[in-house]
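Reader: I would like a close look at one part of this model, the sheet and what packs against it. Which strands pair, what is buried, and where is space left?

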Amino acid sequence: MRLEYKTGKLPYNFIALGYMLLAISAWRIAVSDWVGMLLLLLSVFLLFFRSGIIVETDPRRLKMYYGIFFIKRGAWENIDQLTDLRITKVRQSRRMSVLTISRTESYNTYKLFLRLPNRSIELIAGQKDDILRKASSMASALNTTLVNSAE
């Protein structure tokens, strides 16, 4: 069985830049300028870049990848000695400042870790319900226990 989860994409400011470059490249291609093709390639990269994980259960292995469209680059890792999956609650803070106005925002993030005897691998971070759903499906597919230390 093969499970695939998308874990992230570029931040919104890069995605907005991708849309702007797409519009500029369309205009540059319309006026027959070769720079438009380069801008089009850059905008496609910014808009469609993704990261994620692939978990295979038959040969127990894990691949953390970065990719665009169907191209997924990453190395397979053997997880035969898997002990359990663990959900932890982490308090994160983000500082935002514009000119002289600044504020700090704190929020809870839930993280899913795959635990091996010698190390832990962070798989997914996000909201509680989403992490619980993904973790339970992954634990049942891998036939391992799920430890919820976030409660």
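Author: What follows goes through the strand pairings, then the nonpolar packing, and ends with the pocket.

The model is a predicted one. A convenient place to begin is strand β2, residues 49-56. Seven of the eight residues of β2 are buried, so this strand is largely enclosed by the rest of the structure. On one pairing, strand β1 (residues 2-9) is joined to β2 by seven bridges, and the two run antiparallel. Within that pairing, Glu4 has Ile54 of β2 as its bridge partner. β2 also pairs with strand β3 (residues 61-68), again in the antiparallel sense, here over eight bridges. Ile53 has its bridge partner in β3, namely Met64. The β2 and β3 strands make a hairpin, and four residues lie between them.

Gly52 is a good residue for seeing β2 between its partners. This glycine lies in strand β2. The relative accessibility of Gly52 is 3%, and since buried means under 20%, Gly52 counts as buried. Its contacts, with neighbours within four places in sequence left aside, are Tyr5, Lys6, Thr7, Lys63, Met64 and Tyr65. Gly52 also has a separation worth noting from Gly74: the two are 22 residues apart in sequence, and their C-alpha atoms are 9.8 Å apart in space.

The loop that follows β2 holds a buried residue too. Thr57 is placed in the loop between β2 and β3. With 17% relative accessibility, Thr57 counts as buried, because the limit for buried is under 20%. Not counting neighbours within four places in sequence, Thr57 is in contact with Met1, Ala141 and Leu142. Of these, Ala141 and Leu142 fall in α3, which spans 128-142.

The other pairings involve β6, β7 and β8. β6 (84-98) and β7 run antiparallel and are joined by 15 bridges. Asp84 has Arg115 of β7 as its bridge partner. These two strands form a hairpin with two residues between them, and Leu99 in the turn has a positive phi of about 55°. β7 (residues 101-115) then pairs with β8 (residues 120-126), also in the antiparallel sense, over six bridges. This pair is a hairpin as well, with four residues between β7 and β8. Two partner positions can be given for it. Lys111 has Ala125 of β8 as its bridge partner, and Leu112 stands opposite Ile124 in β8.

That last pair leads to the nonpolar packing. The largest nonpolar core holds 21 residues, and those that touch the most other members are Ile53, Leu112, Leu114, Leu123, Ile124 and Met138. At least two residues of this core come from each of β1, β2, β6, β7, β8 and α3. The element that gives the most to this core is α3, with five residues. Ile124 shows how these parts meet. Leaving out residues up to four places away in sequence, Ile124 touches Tyr5, Thr7, Ile53, Tyr110, Lys111, Leu112, Ile131, Lys134 and Met138. Another core, of five residues, lies apart from the largest one and includes Leu10, Leu39, Leu46 and Phe49.

Leu10 belongs to that second core and is found in the loop between β1 and α1 (12-30). Neighbours within four places in sequence aside, Leu10 is in contact with Ile15, Leu46 and Phe49. Leu10 and Leu47 are 37 residues apart in sequence, while their C-alpha atoms are 8.1 Å apart in space.

There remains the question of empty space. Rolling a probe the size of a water molecule over the atoms shows where such space is left. The largest pocket contains about 220 Å³ of it. Its lining is made up of Thr7, Gln92, Arg94, Thr109, Ala125 and Gly126. β6 and β8 each supply at least two residues of this lining. By class, the lining has four polar residues, one nonpolar and one charged. Some residues in the lining have already come up: Thr7 is among the contacts of Gly52 and is also touched by Ile124, and Ala125 is the bridge partner of Lys111.

Terms used: Residues numbered from 1 in each chain as written. Predicted model: local features only at pLDDT ≥ 70, side-chain atom pairs only at ≥ 80, totals over all residues. Heavy atoms only, no water. Pairing = 2+ DSSP bridges. Buried < 20%, exposed > 50% of the residue type's maximum accessible area, 1.4 Å probe, protein only. Contact = heavy atoms within 4.5 Å. 1 Å grid on protein atoms, 1.4 Å probe; cavity = no way out; pocket = protein on both sides within 12 Å on 5 of 7 lines; lining within 4 Å. Points joined across faces, edges and corners; volume = space filled by probe spheres on them. Nonpolar A, V, L, I, M, F, W, Y, C, P; charged D, E, K, R; others polar. Core = buried A, V, L, I, M, F, W, Y, C linked by side-chain atoms within 4.5 Å.
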